[in-house]
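Student: I would like a close look at a single part of this model. Please describe the packing of one pair of helices in detail.

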Amino acid sequence: MDLLISLVINGLATGMLIFLLAAGLTLIFGLMDVLNFAHGGLFVWGAYTGVLTYTYTESFIIGILVAILTGVVLGFIMEKLIITPVYGNHVQQILITLGFMLVLQEMIKVAFGPNAIPVKVPELLAGSWELGELIIIKYRIFIIVVGFLVFGIFHFILTRTKIGLIVRAGVMNKEMVQALGINIKKVFLFVFMTGAALAAIGGMLMAPYSGSIYAEMGMEFAILGFIVVVIGGMGSFSGSLLAAILVGLAGSFMAYYVPFLSLAVNMILMAVVLIFRPQGLFRTAKE
Amino acid sequence: MESLLKLHNIQTHIGQFHILQGIQFEAKQGEVSVLLGRNGAGKTTTLKTIMGLTPASSGSIYFQNQQIEKKPTYEIANIGIGYVPEDQGIFAGLTVEENIKVAMRKETQEALERQDYVLTLFPDLKKFWKKAGGNLSGGQKQMLAMARAFVNDSKLLLIDEPSKGLAPIMVEKVMEAILEMKKRTSIVLVEQNFFMASKIGDTFTLIDDGRTVHRGAMNELISDDDLKHKYLGIG
């Protein structure tokens, strides 16, 4: 039983980190129909700026705030310079965002060096609780709590506020939203910046979890993010949460019970979902 | 009556196709101006061009003496033009209430009063207030689309084929609603159903192959069998 709980906590923590990345991706894809392959770059820039601030100030909270700011600023620049010219053209979006991903990744090496930087868990969240045989690592619980908190806040915004209503309406029919007097470009920008900030928070939280940060971590995690978006249903926020938890749990359990399949498990999961529910687990907002 | 909307020599391209090739049109305050013509004549594109959804390549559009053909869609809506598209444009995953809330620019007392008024016009909407827009019948969707456009203080409503695909009883209800709405706002109506158009229209503009071919008072068209036969295939 203790082992089971341990595996569930590990899986949930990984799932929540993937969720933070996938949530932004799904919002951006759902509303803006933009395939953003540079999302991992925002994740890694959030991690680096946040961690360096955390190291310098010794305040994890200030580190998170700087990561969010980095995501918002990069999101703004990216939407204005990279995304705006390629709205409506998926091939160009893939090419330009993949290119920008590489630029962001290489800029990390130029600015912070090519070597991985070790990151320690903040003092308050370091260590573990021991319940008999069971050892619960505090930082993993923190990640799970933050993940659910972010989901709760965004779920509230999307379902209970006017801006959330506009975003959901925009996912369903952009043209009509404009015809109702709403500047959809502003909404796009807001969503893009929000998605970028979520990725940056994910990067910052990932850093102490994995123990180090390195330039390529963005690309690695972005692939998981895309798998989650596809499994959850492209454009579905709740679908992303469920799919991220599934991917996290599958990874955790497979790594323990069937280690040789642990790397393939996400692809297998995606293939199974695509065979039986090509639209993903949840209905997309467009439907 | 005072001119509200004026289109002068509007040309619109969609991709490589030259759809509108010279639209002249005028809508006056307090009137229902009907755009008539065969399928593919350019009526829907005319409304979309007014809204800036398929912007004009050349020509000018004036709304209350303000040139609007270069403005983005949301600004055109905000200066007082409401739009009910041919496919109704309902947000399928939002409830009836949410569909109306998205449309309502500000939840002022006046806007809420208009909402109440709209619900007296379309009582079915009140009944299905919490139901998803996508689950409504065709007629109810049409009512919701019209209610949504009417909930703001629009000076002009553009309504595209409101009777399309509706049962006769529903067409009658929609017609009554438009006549009621006419008391509060001006309307540009695209309609294939000539009976309905003739009952509620004050003026008509005939469009053929993307060009305006005839304009006048609705009574004039009602009594002109040749014109109806030539451009509408009736009479």
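Tutor: Five residues of helix 10 of chain A, namely A:Leu246, A:Val247, A:Ala250, A:Gly251 and A:Met254, meet A:Val265, A:Asn266 and A:Leu269 of helix 11 of chain A. Residues are in contact here if their C-beta atoms, placed from the backbone, lie within 7 Å; helices (H or I, at least four residues) are DSSP runs, numbered from the N terminus. By class, this contact comprises six nonpolar, two polar and no charged residues, where Ala, Val, Leu, Ile, Met, Phe, Trp, Tyr, Cys and Pro count as nonpolar, Asp, Glu, Lys and Arg as charged, and the others, Gly among them, as polar.

The model is predicted: local features need pLDDT of at least 70, side-chain atom pairs count only at pLDDT 80 or more, and totals for chains, interfaces and linings use all residues. Residues are numbered from 1 along each chain as its sequence is written, while chains are lettered from A and ligands numbered from 1 in the order in which they are written.

As for geometry, helix 10 spans residues 237-257 of chain A and helix 11 residues 265-276, and the two pack at about 135° with their axes 9 Å apart. Axes are lines fitted to C-alpha atoms over the stretch in contact, and angles run from 0 to 180 degrees between N-to-C directions. The two helices of chain A are therefore oblique to each other, given that angles under 35 degrees count as roughly parallel, over 145 as roughly antiparallel, 65 to 115 as roughly perpendicular and the rest as oblique.

Elsewhere, 15 residues of chain A are in contact with 18 residues of chain B. Helix 6 (162-172) and helix 7 (174-179) of chain A each supply at least two residues of the side of chain A that touches chain B. The largest share of that side, five residues, comes from helix 6 of chain A.

Technical notes. Two residues are in contact if their C-beta atoms, placed from the backbone, lie within 7 Å.
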